[in-house]
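Hi everyone, thanks for coming. Let me put the sequence and the structure up on the screen, and then we can walk through a few parts together.

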Amino acid sequence: MGVCEQLCNLLAVVVVLLPLCTAELVDISLYHSTVVDIHNEIRREVGASDMQKMVWDDGVAKEAENWVKYCRYERAPSHISGCGQNLYYAPHMVRTWEGIDRTVHKAVTSWKNDQLYFRYGTDCGSACAYSQVVWSTSSNIGCAMHRCPRMKTGAYEKRYTTIFACFYSPKGEMTNDFPFTPGVACSLCPAGMVCEADLCVPGVMIQSSQAQNLLGPEVAPGGSGVANVPERVPAIEPPVVVPSVCIPSMTTQEVHFVLLVTNNLRAREMAAPLTWSDELEQWAQYVIRCDIEYPGPRTAYTNFGKTGAATLLYELVYEWGDEGSNTGITLVTGGCRTPSDAATCNHNTNLMSITNTRMGCAACVCGLQRQFTCIYDSR
């Protein structure tokens, strides 16, 4: 084989492999309706009187595209985008239609799962992703997906990921207003809107013969002509004070050693090893905070604590393992939660639970300390 032929063959290989190593936008055009339908189904479940139907907006989608191309796992600053935003990333390069479908569903499901921490009020607290999904006036949605050979998350970097973002317009005012008005579906649709499948839509959008035009507020008994307009329902609970938020990040090496130490400790007690779960890692990233420590899903075990910013995370895991089986001891840092708080625990008893089969953690710097949260379950 001549030199020229060898060079041509090498070039062909490079051309084939190049897409595997470069950042590029993923075509999700076949999934626009899927994204919209899933969002609207969640919005119907809320029980809101003024919930508007979401529709796809190419302009909003372009905003999302312009942001995900930077491969940063963080919300775009308000001066760059005036849209509400939800983010998700897959820890691999999504390349198939099945992978796109799976990523879209996992992303929206993870945002919906924030509902576990949702408290109706003027502050989204630890459920901002869910609050944006069900923000009644956010009627336009556009999303984008981007493959990222290198993705920035805070001060750290993850390799070969795929970031997915949905942008919403108008954006929800997460710390200044209520997300929706509870009540009978469509009973408080804005002027000019009618009801379609329990969601408020502009009259021209009606496509179903079952859609009905609301006549407005009921007239008070006695024919006085004064409308019985429901007052905006006050918060069911006092607004949640937002703790200082930290940007979660763990290096691949940290994940490796935290899992290794955990399984070494479990091996001493003849407990089966755990596997790392990207889903639980996402959960940990959603709930981790500097000031207030939140648990993961109600069905899972959670350990949380703080250590020095320069201390290796797996050293904290060793400290958890030293707590033994006495659940009555005072935990020096952090705490632990069992599913639905059905049993007492310490960090070690959660580590050793024989029912658990997987784990996922998140960490972030909080001043001179580092917050560390791990979630375990059996799924």
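**A walk around strand β4**

Let's start with one pair: Leu-25 stands opposite His-146 in β4. Before going on, please keep in mind that this is a predicted model, where local features need pLDDT of at least 70, side-chain atom pairs count only at pLDDT 80 or more, and totals for chains, interfaces and linings use all residues. Residues are numbered from 1 along each chain as its sequence is written, and side-chain values use heavy atoms, with hydrogens and water left out.

Now the overall picture. The protein chain has 9 helices and 12 strands; these are DSSP runs numbered from the N terminus, with helices being H or I of at least four residues and strands E of at least two. Of its 379 residues, 46% are buried, meaning under 20% relative accessible area, with a 1.4 Å probe and protein chains only.

Back to β4, then. Which strands pair with β4? Pairing here means that DSSP finds at least two bridges between two strands. Strand β1, residues 24-26, pairs with β4 in the antiparallel sense over 3 bridges. Strand β2, residues 55-56, pairs with β4 in the parallel sense over 2 bridges, and there Trp-56 stands opposite Ile-141. Then comes strand β5, residues 156-169, antiparallel to β4 over 13 bridges. In that pairing, Arg-147 has Thr-162 of β5 as its bridge partner. β4 and β5 form a hairpin with 2 residues between them, and Gly-154 in the turn has a positive phi of about 70°.

Is β4 itself enclosed or open? Strand β4 covers residues 140-153, and 11 of its 14 residues are buried, so it is largely enclosed by the rest of the structure.

Just before that strand, have a look at Ser-136, in the loop between α5 (128-133) and β4. Ser-136 counts as buried because its relative accessibility is 4%. Leaving aside neighbours within four places in sequence, the contacts of Ser-136 (heavy atoms within 4.5 Å) include Arg-43, Asp-50 and Phe-180.

One last stop: helix α8, residues 313-321. Its buried residues are Leu-313, Leu-316, Val-317, Trp-320 and Gly-321. They cover an arc of only 150° around the axis, so they sit on the same side of α8; the arc is that of the directions from the helix axis to the C-beta atoms. Among the elements covering them are α6 (252-268), β9 (301-308) and β12 (369-377).

Conventions:
Buried means under 20% relative accessible area, exposed over 50%, partly exposed in between (1.4 Å probe, protein chains only).
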